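Reader: I'm new to looking at protein models, and I'd love a close look at one part of this one. Could you walk me through a place where two domains meet?

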Amino acid sequence: MSDASSTSEDDIPDHLVAHFTSRIGHNSADLIEGETGSWEIVIGMEVHAQVISESKLFSGASTEFGGAPNSHVSLVDAAMPGMLPVLNIAAVRQAVRTGLGLEAQINLRSVFDRKNYFYPDLPQGYQISQFSDPIVGEGRVTVDLADGESFEVGIVRIHLEQDAGKSIHDRHPTRTYIDLNRSGVALMEIVSKPDIRSGEEAAAYLAKLRSILRYLGTCDGNMQEGSMRADVNVSVRRPGEDLGTRCEIKNVNSLRSVREAVDYEARRQIEILEEGGEIDQETRLFDADRGETRSMRSKEEAHDYRYFPDPDLLPVEIDQAFVDEIKASLPELPDAKAQRFAADFGLNAYDAGVLVAERETSEFYEAVVDPDGAKRDPKIAANWLTGDFFRRLNADDLEIADSPVSAAQLGGLLDLIADGTISGKIAKDVFDEMFDTGKDAGDIVEAKGLKQISDSGEISAIVDQIIADNPDQADEYRGGNAKVAGWFTGQVMKATQGKANPQLVNELLKRKLGG
Amino acid sequence: MALDTDTVRRIARLARIHVDDGELAPLADELNNILGWIEQLDEVDTEGVAPMTSVVEMVQRLRADEVNDGDLQEDVLANAPDPADGFFTVPKVVE
Amino acid sequence: MSALTDLTIAQAGDGLDKGEFTARELTDAYLSAMADAQALNAYTAETPDRACAMADASDARRAKGAAAGPLDGIPLAIKDLFCTEGVLSTAGSHILDGFEPRYESTVTQNLWDAGAVMLGKVNMDEFAMGSANITSHYGPTINPWKAKSGDAAGKDLVPGGSSGGSAAAVAARIAAGATGTDTGGSIRQPGAFCGIVGMKPTYGRCSRWGVIAFASSLDQAGPLARTVEDSALMLQAMAGYDPKDSTSIDQPMPDFAAALTGDIRGLRVGVPAEYRMDGTPPEIEALWQQGIDWLRDAGAAIVDISLPHTKYALPAYYIVAPAEASSNLARYDGVRYGLRVEGEDLTDTYERTRAAGFGAEVQRRIMIGTYVLSAGYYDAYYLKAQRVRTRIADDFRNAWDSCDVILTPTTPSAAFAIGEKMDDPIAMYLNDIFTVPASMAGLPAISVPAGLSGDGLPLGLHLIAPAFGEETLFRTAGVLEDAAAFDARP
Ligand SMILES: [Mg+2]
Ligand SMILES: [Zn+2]
């Protein structure tokens with residue numbers, strides 16, 4: 001489960017997880033050099049993703065985040081005596097959709113089981129989950145790394161299950177407080193094969209998974225609110241040898257933490273092994289403040305979850321038509337979109353990858369490049385988006401959906417550059433003002449008189465004046481010191497408050513000084 | 001498959017029922033008596049027989065995704081032994 | 001005119017319709033009978049104020065010509081397993097001390113919607129685990145019948161269980177009818193012990209929403225009443241599709257009382273060889289033969305059938321039911337409602353609460369259930385039992401090729417004295433040997449009082465029908481009832 005911070009064992013027993021690693025020919029850069037030779041890190045992840053739905057998996061209470069304690073709670077969620085679960089079709093649909101997005105096997109028959117254990121934020125005394133017959137079977141994710149390399153992570157399965165409530169330990173010196181608002185919210189647990197080899201890869205896998213789920217609209221990917229969290233299984237081994245004993249790091253909730261937790265844990269394990277010790281199979285917590293993992297001491301006792309089919313629910317049977325209908329509604333996913341961007345817009349793999357990582361970004365980009373068929377230069381658009389636009393979003397801590405500059409407005413700015421109305425340099429200032437005020441580029445340029453001077457007569461007069469005022473420098477230039485040309489350009493731009501068309505300025509200087 | 005007292009202790013722990021040490025042995029006897037009687041099931045040939053999943057032949061119904069429940073904080077907490085500030089409370093859990 | 005409390009539901013409804021008495025008068029009669037019968041310990045919570053208000057409302061409806069149907073104004077007792085809004089609902093357990101739900105079970109709500117009057121909650125075996133109503137936190141209920149001879153003469157007898165309070169209340173005329181629940185025989189067996197009709201419908205007919213769960217795949221609500229017709233009238237109101245219960249069945253609801261035609265000519269009645277068990281008392285065998293003769297005389301064809309896995313139903317039940325119960329009862333942890341015994345820490349609190357809150361039989365079953373689901377034992381016990389269950393259901397499926405309804409005894413004995421079989425769980429479990437197979441297959445079944453034991457205690461005959469065969473069941477039960485003409489009273 002891992003959903004309540006209570007559990008100290010894996011959801012999926014070993015015999016149900018493909019325990020070989022499907023990945024061969026790893027990158028040797030992934031090996032870690034220890035005192036006694038090199039080590040390979042082997043990582044498998046269980047990602048809990050909150051399903052986007054209005055109501056909970058088995059009750060009609062709201063899934064809304066926050067709210068007064070125990071307010072988004074039905075009698076079912078509080079496990080009052082005699083209450084019964086009724087399955088939400090949206091959760092089934094979202095799980096199937098996610099499975100299709102991960103190119104996975106969809107199981108037309110699946111079963112909900114009870115996973116039995118006691119914890120105060122688990123009101124039923126069991127979590128309704130899927131054990132031997134999950135709704136989604138094997139699939140795969142292609143993960144891209146910053147160096148342009150990519151690798152594949154196999155998906156073992158996706159199952160639906162209930163989230164637990166929340167235990168709050170810091171409100172009272174001797175009591176733990178329980179809020180059941182999240183109790184019963186639908187989660188997808190996405191279980192990977194042990195195909196991941198480093199902290200960086202683990203973070204990249206999580207990022208890619210998040211991207212795909214957000215494209216699919218099945219999980220909002222909000223890691224701060226806990227909509228996505230990962231249980232990371234880490235072990236180390238000598239290259240080519242059998243898998244080592246693994247430790248499960250529970251509920252890691254940011255990309256950075258995933259990277260740090262894996263790196264720390266791998267080093268810890270290597271140290272133990274190199275000193276001749278053994279790894280205890282255990283559950284560990286990642287302390288983000290200290291950047292280290294530590295054993296969950298209170299969870300020492302062995303668990304025995306006593307899974308059995310939930311007798312309050314019947315097996316879930318869906319038909320192929322249901323699956324096909326969902327399939328037909330799938331959006332273009334990031335990999336396909338990146339390929340299309342590269343092919344149609346001539347972007348390199350890196351830029352394409354950056355632009356498609358978020359569905360909103362890719363759609364914004366497309367709206368800038370190709371509004372109603374009036375094509376703008378895709379590379380310039382990509383540079384603006386990944387450059388100034390992202391810079392301002394980051395600086396102002398905004399999501400693209402909340403950008404004060406719309407795609408049409410950014411397009412308008414690019415048009416002014418393209419037709420020579422403003423220079424690229426002025427455009428940066430105009431953009432900042434657009435971002436601050438939400439005004440159109442044209443209006444700002446107009447109001448501030450920022451139009452580029454492209455009248456050669458007007459510039460010619462200024463150039464003449466500056467040459468006349470600076471005879472020494474003019475001589476220097478004529479004497480062969482080409483560096484002075486830049487100084488002259490600067491003077492002209494200064495005189496025109498940067499509005500002179502720089503190309504024109506250079507042409508005129510060359511002609512008049514070169515004489 | 002006779003239960004020993006260690007197993008009874010483990011089962012009681014799993015079930016979160018306190019059993020005094022002195023009660024373990026008699027409880028083991030009692031449970032073994034019942035389990036011994038149950039084991040006559042071994043006589044039944046169940047080779048190739050599917051376990052029953054539901055006594056009624058019907059397909060799982062699915063609920064429309066509508067928020068039509070919740071906002072019952074008072075009802076939810078009405079019978080709680082020791083509620084505080086809208087929460088249930090328990091003795092402090094150490095992680 | 002006989003006492004109002006002697007009237008059947010059908011007769012009382014008739015009298016109300018004709019204006020011979022009011023619902024309030026009927027209710028008052030029951031409330032005063034209840035006051036006189038405290039010694040039976042049938043009720044765990046009496047709701048006289050609510051009863052009077054509901055009766056007055058019923059009278060007002062009738063005065064406007066807007067009576068809701070045959071149950072309007074009929075005073076009923078509700079098994080304490082049903083959650084009733086604002087009324088103590090404990091499942092007979094200490095662990096639900098003081099629990100007053102803020103909700104009403106679907107079945108009881110259906111009854112109130114039909115105009116029925118709530119007299120109170122009645123006693124039961126703790127969490128419906130028992131066949132004698134001796135495991136209740138509120139003490140045993142006493143069977144209103146007394147043995148005239150034999151070992152049990154002069155002793156207080158058990159009413160059967162787990163719906164013992166329901167059966168005793170109806171037999172003692174301190175309720176016109178009562179709700180019960182049946183997991184392995186908990187309606188039919190106490191019905192037989194108390195000389196009344198106990199009926200368990202097809203699994204899924206009655207919603208389980210708001211009924212405190214014992215074993216989810218087996219629990220089914222049903223009526224306890226003095227006649228077959230009354231049972232049909234009650235079931236009519238109790239049953240129905242409920243979207244809040246995923247195992248509730250969306251099937252057409254026939255007019256159950258209309259099925260009581262008295263005509264079973266040509267009906268094929270199966271008599272299963274495997275129900276002739278060693279050690280069954282001759283008087284039980286004799287009553288069974290009497291039942292066969294009655295039905296044959298009424299024009300039915302008697303067919304010898306075989307249900308080969310009959311003897312395995314009970315041991316399989318004692319895996320499946322405790323397994324489900326061990327999980328269903330995990331919610332009683334002292335956190336959100338009911339008893340809490342604070343311990344040294346959270347785990348200790350759980351363990352102390354559950355040790356103090358659950359009685360011995362409930363603890364025993366939780367332990368068995370936990371064990372049979374635990375790692376390494378699941379396949380050998382739980383999965384095995386569910387496979388055996390498939391075989392039991394297949395036995396019945398095959399039987400329906402050659403018969404329409406099955407006749408068996410309800411119990412292997414008459415009611416016994418309180419205190420007997422208490423130290424021998426298996427002897428206690430064997431009470432349900434004839435009723436459990438139908439439970440395991442989810443089939444409707446009914447017990448009809450059919451005669452007296454040598455010691456003067458009531459004995460029942462048991463009919464089982466195919467799924468959704470309630471009409472056949474009631475029709476046959478009606479014929480059996482007429483033939484038996486059981487008019488003995490406690
Ligand atoms: Mg996990
Ligand atoms: Zn999980």
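Author: Here is a tour of the interface between domain 1 and domain 2 of chain A, as seen in a predicted model.

Let's get our bearings. Chain A splits into domain 1 (9-301), domain 2 (332-448) and domain 3 (456-514). We'll stick with domain 1 and domain 2 of chain A, whose centres, taken over C-alpha atoms, are 36 Å apart.

So where do they touch? On the domain 1 side of chain A, 11 residues are in contact with 12 residues of domain 2 of chain A. Put domain 1 and domain 2 of chain A together and about 890 Å² gets buried, with carbon and sulfur atoms giving 48% of that area.

Now for the charged and polar pairings. Four salt bridges turn up across the interface of domain 1 and domain 2 of chain A. To see a salt bridge up close, find A:Glu358 and A:Arg210: their side chains meet at 3.0 Å, N to O. There are also seven residue pairs in polar contact between domain 1 and domain 2 of chain A, counting pairs with both residues at pLDDT 80 or more.

Which pieces of domain 1 of chain A do the touching? Look at β6 (139-144) and α2 (199-216) of chain A, since each supplies at least two residues of the side facing domain 2 of chain A. The top contributor is α2(A), with seven residues. Sort that touching side of domain 1 of chain A by class, and you get four nonpolar, three polar and four charged residues.

How values were computed:
Residues are numbered from 1 along each chain as its sequence is written. Chains are lettered from A and ligands numbered from 1 in the order in which they are written. This is a predicted model: local features need pLDDT of at least 70, side-chain atom pairs count only at pLDDT 80 or more; totals for chains, interfaces and linings use all residues. Side-chain values use heavy atoms; hydrogens and water are left out. Domain bounds come from an automatic or database domain assignment. Contact means heavy atoms within 4.5 Å. Buried area is the accessible area (1.4 Å probe) that two parts lose on being put together, summed over both. A polar contact is a pair of N or O atoms within 3.5 Å; within protein, one must be able to donate a hydrogen and the other to accept it, and residues adjacent in sequence count only if both atoms are side-chain atoms. Helices (H or I, at least four residues) and strands (E, at least two) are DSSP runs, numbered from the N terminus. Ala, Val, Leu, Ile, Met, Phe, Trp, Tyr, Cys and Pro count as nonpolar, Asp, Glu, Lys and Arg as charged, and the others, Gly among them, as polar.
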